[in-house]
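Me: I would like to go through this structure by question and answer, with the reasoning set out before each result. Please begin with the charged pairs and then move on to the helices and the sheet.

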Amino acid sequence: MTIPNFSPLPTDFSSFQLDRVPADPQLLAWNAADELLLARLNDAQEQRDILIVNDSFGALAVALGKQVLGWWQDSAMARQALLANCPRNNCPIPTLIDSADQLPSTISCVAMQIPKSTALFEWQLSHLAQRLSPDGKLYALGMVKHLSEGHQKVMQRWFGHVNPGRAVKKARCVELAEPVAATPPQAQTYRTSQGVQLICEPGCFSAQRPDPGALAFLACFNQLPAVDRVLDLGCGNGILALSYLTQFSQARAIGIDESAQAIASAFASASANQLEDRLTLYHNNSVRELGLSDVPLVLCNPPFHQDTSLTDTIAEQMIQDAANALASNGEFWMVGNRHLNYHQRLTRYFNDVTVRSAHPKFVVISARGVKHQRAL
């Protein structure tokens, strides 16, 4: 059946001007799963307004244009990319949804990129399933190699109709309908050996136990300087910032993370430890546009991946941003896997770089004496 006045969606993303955040010339701002979704929407002659979820860099928002009902993402970097890519392509910026509470009460069509975290995926699906109309449809898309058995079980738990369709260019667009009632995932709780209680909302990094890199960092906390203000860059559930506040009672902390679920976790963790009045949190892409300066101490446990993509550009940006935010006599401390060779990278930005740990897998490094600032 042909619907009158149906205008096919563009499926060639190369016709748009799309950039990633952070910029990476080796990686595209879209993939074959995005292309497959648009092809399926064209096949279905889908004309309903579409809620977009987990659009990595705004590519789907640009392609769908005025058909976008709203745009929901956990990532501040994705939001930054959206806000840059829409004007670049003369596309309206969609309504931004910052939390599940802001979702429309009734949704008829969803286009959702499947995140790497099955916990985040299920948490998002639990909210979407409650709001999907009886005749509604949710398209869950991703590359085949990233769709685990766990992702499949989550879809089957929340929807009675699960049609994986045919894989194209190693991508899949799963059609979900007929939502069913299920038990949504809950926050996880654990304590560090120092007694800091950590609460991890679904999708927060290291939700079951402390990250091994963070534990290697905590083992070096007795070497940290005592300051009145500390910045935890990429704070996650707040393990580093809260541990510092526990050890140094005169300090206040700032936590920044690009994940909304991480910030929610850090806030809950601070409250659980009665430290909420000493911790300020920002959901943001590093320190940029926050106006932070003259910080005496910055702590960082940077990621080396962006959802399913391995990349070192995020760590590079965080190191540079830390250098820009530090006080003249401030110190930057970070932890990372030894094979990532952060020591050499830090020498581009700092005059004095010192290895502080002898851990077999992780290295804790301190740096001071900022060199002339370098642009990425």
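Reply: In this predicted model, aspartate 19 forms a salt bridge with arginine 88, and their closest N and O atoms are 3.5 Å apart. The pair joins distant parts of the chain, since aspartate 19 lies in the segment before α1 (32-43) whereas arginine 88 belongs to helix α3, 69 residues apart.

Me: Does aspartate 19 count as buried, partly exposed or exposed, and what is its relative accessibility?
Reply: A residue is called partly exposed when its relative accessible area falls between the 20% limit for buried and the 50% limit for exposed. Its partner arginine 88 is partly exposed because its relative accessibility is 33%. Aspartate 19 likewise counts as partly exposed, at a relative accessibility of 42%.

Me: How many residues apart in helix α5 are glutamate 149 and lysine 153, which form a salt bridge?
Reply: Glutamate 149 and lysine 153 have their closest N and O atoms 3.5 Å apart. Glutamate 149 counts as exposed, at 55% relative accessibility, and lysine 153 as partly exposed, at 45%. Both belong to helix α5 (residues 149-158), where about one helical turn separates them, because their spacing is four residues.

Me: Which residues are joined into one network by salt bridges that share partners?
Reply: Glutamate 316 forms a salt bridge with arginine 348, with 3.3 Å between the closest N and O atoms. This pair links distant parts of the chain, with glutamate 316 in helix α9 (residues 313-325) and arginine 348 in the loop between α10 (342-346) and β17 (350-355), 32 residues apart. Glutamate 316 is buried, with a relative accessible area of 10%, while arginine 348 is partly exposed at 37% relative accessibility. Through shared partners, the network is made up of Glu316, Arg345 and Arg348.

Me: Which side chain of opposite charge is nearest to aspartate 74, and how far away is it?
Reply: Aspartate 74 is found in the loop between β2 (68-72) and α3 (76-88), and its contacts, leaving aside residues up to four places away in sequence, are Leu120, Glu258, Ser259, Ala260, Gln261 and His283. Although aspartate 74 is buried, it has no salt bridge. A salt bridge requires the nitrogen and the carboxyl oxygen to be within 4 Å, whereas the nearest side chain of opposite charge is that of arginine 79, at 9.8 Å.

Me: Which elements do the buried residues of α8 pack against?
Reply: Helix α8 (residues 260-272) has 13 residues and reaches 18 Å from its first C-alpha to its last, close to the expected 18 Å. Its buried residues include Ala260, Gln261, Ile263 and Ala270. At the start of α8, a side-chain oxygen of serine 259 comes to within 3.3 Å of the backbone nitrogen of glutamine 261. The packing partners of the buried residues are α4 (118-131), β9 (197-200), α7 (239-247), β11 (252-257) and β12 (279-283).

Me: Which residue follows α8, and what is its phi?
Reply: Helix α8 covers residues 260-272. The residue that follows it has a positive phi, and this is glutamine 274, with a value near 55°.

Me: Which residue in β4 stands opposite leucine 51?
Reply: The open sheet has seven strands in the order β3-β2-β1-β4-β5-β7-β6, with mixed pairing, and its edge strands, each paired on one side only, are β3 (96-97) and β6 (159-163). Strand β1 (residues 50-53) runs parallel to strand β4 (residues 107-113), and three bridges join them. In β4, the residue opposite leucine 51 is valine 110.

Definitions and conventions
Residues are numbered from 1 along each chain as its sequence is written. This is a predicted model: local features need pLDDT of at least 70, side-chain atom pairs count only at pLDDT 80 or more; totals for chains, interfaces and linings use all residues. Side-chain values use heavy atoms; hydrogens and water are left out. Helices (H or I, at least four residues) and strands (E, at least two) are DSSP runs, numbered from the N terminus. Buried means under 20% relative accessible area, exposed over 50%, partly exposed in between (1.4 Å probe, protein chains only). Lys and Arg count as positive and Asp and Glu as negative; His and the chain ends are not counted. Contact means heavy atoms within 4.5 Å. The expected span of a helix is 1.5 Å times one less than its number of residues. A polar contact is a pair of N or O atoms within 3.5 Å; within protein, one must be able to donate a hydrogen and the other to accept it, and residues adjacent in sequence count only if both atoms are side-chain atoms. Two strands pair if DSSP finds at least two bridges between them.
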